[in-house]
Amino acid sequence: MMNKNICCQLLRSGGIHPDKNLGQNFLCSQQVIEDIVDAVAAGPEDTVVEIGCGIGALTAELCPQAGELIGIELDKRVLPVLESRLQQYPNHRILNQDVLETDFSTFGQGIKVVGNLPYYITTEIMKRLFTYHSYIKDITVMMQTEVAAKVTARPGQSGYGLMSIMASFYGETEVVTDVDGSNFFPPAPVRSTVLHIRMLDKPAAITSDEENMFRFIKDALLLRRKTLMNSLAAAGYFGGDKSQIEAAIVRAGVEPSARAEKLSLQQLADLAEQFRK
Ligand code: SAM
C-alpha cells in the first residue's frame, strides 16, 4: 500500500531528499500504481525490467507477480530503502547503473519493461528501448503527457515526428491512464500519461537499413510546411539538385509535391532507400 504519508516516511527513514536533477517525483497513489501494474500484467514466466525503481512504489507490487524482477536505479541513496522493502522477494535483482548505459539484450528475450521514467531523459530512454525492440515484449511507462502525445501522434497531427514514427514502426501503443501531478511526492509540475506499447513481431514497414531510414525521416520532417522536394533539397540530398531529388522521389512511387508528414511508414521507408547517404 502506498500513499503520501508512507512515501514521506520511507524517504525520511533513508534520509533521502528527492533530487530534481534525477527526475525524482515519487509515485504515492495506490490507484495509479495498480493501474500500471495491471497494464504490465506480468506472470510467473515473465522477466520484468523496471527503469528507475526509486523507493519501490512499483517494484514492491511487481515482484510478487513476475518470475524475475530486474531493477535499474542510478541513485545509490535510495538502495537501502528499496532493498529493505524487497527483502521478502528473492526473485529481484537491483542494478545500480545508468539506464542509458544499460544493455537490455543481457536480460533475455521477451522482457517486459516498465517505469515511472525520469522525465529529463524520457526521449533518450524511449529511443534506447526501441533499439532493443527485438528483446522486448512490451513497454509500460509513465512520461510527461506532452511527450506521450508525440509518441501517439498520427500522420498529419501536431507532434507527429520521429518518436511517433519509431513507436508505430516497432509497436502498437495505447494510453493506459492520465495522471495529475498531485499523485507524486514532491508533486510533479506537469501532467503525466501512462502508455503501453506492445512490440510487433516484425517492424511495420520493410527497410534494408533502419538507421538510414530514421535519419532520412528526421531530415524529411524537419521543414514541415515545405513539400518533400524542398525539404530534401534544403537537407542537401543530391547536393540540393532538385531534378535528381524529384527523380528519386518518383522512383519510390511518391508524389514530389507531397508533404513527408502525410506519408505512410512504408512510403517513407521506400523513399529512404532512394536517399541513402
Ligand atoms: N519508480 C519510482 C516511483 O514511481 O516512485 C521512482 C520514479 S522517479 C520519477 C525516477 C527514478 O529514476 C528515480 O528513482 C531516479 O533516481 C531514477 N533515475 C534517474 N536517472 C536515472 C538513470 N539515468 N538511470 C537509472 N535510473 C535513473
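**Cavities, helix packing and backbone oddities**

Sort the residues lining the largest cavity by class and you get 15 nonpolar, 8 polar and 3 charged. Keep in mind that this is a predicted model. Besides that cavity, this briefing goes through the packing of helix 7 against helix 5 and helix 8, then two backbone spots at A41 and at the F185–P186 bond.

**Cavities**

- If you're counting voids, there are 3 cavities of 30 Å³ or more in the structure.
- The largest cavity comes out at about 350 Å³.
- Its lining takes in 26 residues, and the ones nearest the centre of the largest cavity are G52, C53, G54, E73 and N116.
- As for which elements give two or more residues to that lining, they are strand 1 (26-27) and strand 2 (47-51).
- Next comes the second largest cavity, with about 40 Å³ of space.
- Around the second largest cavity sit G23, N25, N116, L117, Y119 and F184.
- That second lining splits into 3 nonpolar and 3 polar residues, with no charged ones.
- N116 turns up twice here: it is among the residues nearest the centre of the largest cavity, and it also lines the second largest cavity.

**Helix 5 against helix 7**

- Helix 5 covers residues 122-131 and helix 7 covers residues 162-170; they pack at an angle of about 30°, with 11 Å between their axes.
- Angles under 35 degrees count as roughly parallel, so helix 5 and helix 7 are roughly parallel to each other.
- The crossing of helix 5 past helix 7 is left-handed.
- On the helix 5 side, the contact is made by T123, M126, K127 and F130, while helix 7 brings L162, M163, M166, A167 and Y170.
- By class, that contact of helix 5 with helix 7 has 7 nonpolar residues, plus 1 polar and 1 charged.

**Helix 7 against helix 8**

- Helix 7 also packs with helix 8 (residues 210-222), this time at an angle of about 145° and with the axes 10 Å apart.
- Here the crossing is right-handed.
- L162, I165, M166, F169 and Y170 of helix 7 meet E210, M213, F214, I217, K218 and L221 of helix 8.
- Class by class, the contact of helix 7 with helix 8 holds 9 nonpolar and 2 charged residues, and no polar ones.
- L162, M166 and Y170 of helix 7 are worth a click in the viewer: they meet residues of helix 5, and they meet residues of helix 8 too.

**Backbone oddities**

- As background, most residues other than glycine have a negative phi, and most peptide bonds are trans.
- A41 isn't a glycine, yet its phi is positive, at about 50°.
- You'll find A41 in the loop between helix 2 (30-40) and strand 2.
- The peptide bond joining F185 and P186 is cis, with omega at about -10°.
- P186 belongs to the loop between strand 8 (184-185) and strand 9 (192-199).

Definitions and conventions. Residues are numbered from 1 along each chain as its sequence is written. This is a predicted model: local features need pLDDT of at least 70, side-chain atom pairs count only at pLDDT 80 or more; totals for chains, interfaces and linings use all residues. Side-chain values use heavy atoms; hydrogens and water are left out. Axes are lines fitted to C-alpha atoms, for helices over the stretch in contact, and angles run from 0 to 180 degrees between N-to-C directions. Helices (H or I, at least four residues) and strands (E, at least two) are DSSP runs, numbered from the N terminus. Angles under 35 degrees count as roughly parallel, over 145 as roughly antiparallel, 65 to 115 as roughly perpendicular and the rest as oblique. A crossing is left-handed if the near helix is turned anticlockwise from the far one by less than a right angle, and right-handed if clockwise. Contact means heavy atoms within 4.5 Å. Ala, Val, Leu, Ile, Met, Phe, Trp, Tyr, Cys and Pro count as nonpolar, Asp, Glu, Lys and Arg as charged, and the others, Gly among them, as polar. On a 1 Å grid over the protein atoms alone, a cavity is a set of points where a 1.4 Å probe fits but cannot get out, and a pocket is an open set with protein on both sides within 12 Å along at least five of seven lines; lining residues have an atom within 4 Å of a point. Grid points are joined across faces, edges and corners, and a volume is the space filled by probe spheres set on the points.
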